[in-house]
Amino acid sequence: MATPSQWIAGARPRTLPAAVVPVAVGTGVAFGYDGAVWWRALLALFVALALQIGVNYANDYSDGVRGTDEGRVGPMRLVGSGAAAPREVLSAAFGCFLAAAVAGLVLVVATGAWWLLLVGALSIAAAWFYTGGSRPYGYRALGEISVFVFFGLVAVAGTTFVQAEALPWVAVVAAVPVGLLACALLVVNNLRDLVTDGPVGKRTMAVVLGDSRTRTLYSVCLVLPLVIALALVPWQPFAALTLLAAPLAVAPVRAVVQGATGRALITTLQQTGRFQLVFGLLFTAGLALHAL
């Protein structure tokens with residue numbers, strides 16, 4: 001049986017900023033428009049974290065039973081390493097999805113926006129079919145697009161809506177840099193696994209683009225959020241606070257541009273998550289200060 005520490009490692013805690021940041025930014029927008037409701041924000045955070053952990057376990061299961069985790073360099077996988085039985089990991093994934101669904105249903109009832117049920121169902125389906133099912137879209141270079149949509153547009157706009165029960169244009173614009181940073185995590189992860197994914201038929205965007213273009217894509221995903229935040233300054237002056245996070249982007253971009261591979265990219269993944277989290281918190285503060 002897998003140990004508790006192995007289950008925690010399998011949940012891939014370094015990817016959790018991808019769930020925390022969009023909820024924080026969406027709440028910042030809602031606060032800036034005097035619409036923040038803290039218990040709804042906490043429920044939205046629970047939904048996002050449950051989905052993120054659920055998709056990590058689902059990927060662990062699906063990649064493990066397909067054998068695509070053999071020889072990978074990244075963090076341990078429960079199924080691929082043999083630490084846990086596939087059925088156990090699958091149950092953990094669906095348990096997380098169920099928890100997210102229940103919490104999301106509370107938000108649907110609270111807002112009376114029943115169309116959110118469809119959004120929630122699509123989010124869970126996207127989480128499972130990323131690597132699950134007979135035709136996983138994560139194996140067809142669509143992973144980054146899905147991450148941008150669900151951990152950017154849907155998560156930020158949805159968090160704002162369930163609190164303010166309105167959708168200011170700022171929420172949609174603010175979702176773009178958040179989505180790009182979530183994509184950056186996936187891009188650097190797939191860059192690290194480039195040499196092992198291709199031979200087993202896992203056609204990630206990194207496999208399709210190749211090494212050089214993937215490194216360019218990663219750099220764009222880290223730099224463009226700063227540009228967009230600055231473009232918001234005429235309407236959201238405190239969005240300029242995100243510039244304080246800029247130094248944290250230097251090391252990971254340099255490492256990727258200079259050709260880091262394998263285990264060196266594990267450090268880059270950590271640095272990317274750190275930049276994403278700090279940028280997100282500064283962006284949240286800047287958007288919330290709009291209320292002053």
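Is Cys221 buried or exposed? In this predicted model, Cys221 comes out as buried, with a relative accessible area of just 4%. Cys183 tells a similar story: its relative accessibility is 5%, and that counts as buried too.

With two tucked-away cysteines on the table, the next thing to ask is how many disulfides the structure holds. The count is zero. For Cys183, the closest cysteine sulfur is the one in Cys221, and the gap of 5.4 Å is too far for a bond. Looking from the other end, the sulfur of Cys221 has Cys183 as its closest cysteine partner, again at 5.4 Å. A disulfide needs the two sulfur atoms within 2.5 Å, so this pair does not qualify.

Turning to how the helices pack, helix α2 (residues 17-32) sits against helix α3 (residues 38-66), with the axes 8 Å apart and an angle of about 160° between them. Angles over 145 degrees count as roughly antiparallel, so that label fits α2 and α3. The crossing of these two helices is right-handed. On the α2 side, the contact is made by Ala18, Ala19, Val20, Val23, Thr27 and Phe31. These residues meet a set from α3 made up of Trp38, Ala41, Ala44, Leu45, Ala48, Leu49 and Gln52. Sorted by class, the α2 and α3 contact has eleven nonpolar residues and two polar ones, with no charged residues.

A second helix pair is worth a look as well. Helix α11 (residues 211-231) and helix α12 (residues 247-257) cross at roughly 170°, and their axes come within 9 Å. That angle makes α11 roughly antiparallel to α12. From α11, the residues in contact are Arg215, Tyr218, Ser219 and Leu222. Their partners in α12 are Ala249, Pro252, Val253, Ala255, Val256 and Val257. This contact breaks down into eight nonpolar residues, one polar and one charged. The charged residue is Arg215 and the polar one is Ser219, going by the usual classes.

Finally, there is Val149, which belongs to helix α7 (residues 143-164). Val149 is partly exposed, its relative accessible area being 28%. That label applies because the value lies between the 20% limit for buried and the 50% limit for exposed. Pro237 lies 88 residues away from Val149 along the chain, and the C-alpha atoms of the two are separated by 26 Å.

Conventions
Residues are numbered from 1 along each chain as its sequence is written. This is a predicted model: local features need pLDDT of at least 70, side-chain atom pairs count only at pLDDT 80 or more; totals for chains, interfaces and linings use all residues. Side-chain values use heavy atoms; hydrogens and water are left out. Helices (H or I, at least four residues) and strands (E, at least two) are DSSP runs, numbered from the N terminus. Buried means under 20% relative accessible area, exposed over 50%, partly exposed in between (1.4 Å probe, protein chains only). Axes are lines fitted to C-alpha atoms, for helices over the stretch in contact, and angles run from 0 to 180 degrees between N-to-C directions. Angles under 35 degrees count as roughly parallel, over 145 as roughly antiparallel, 65 to 115 as roughly perpendicular and the rest as oblique. A crossing is left-handed if the near helix is turned anticlockwise from the far one by less than a right angle, and right-handed if clockwise. Contact means heavy atoms within 4.5 Å.
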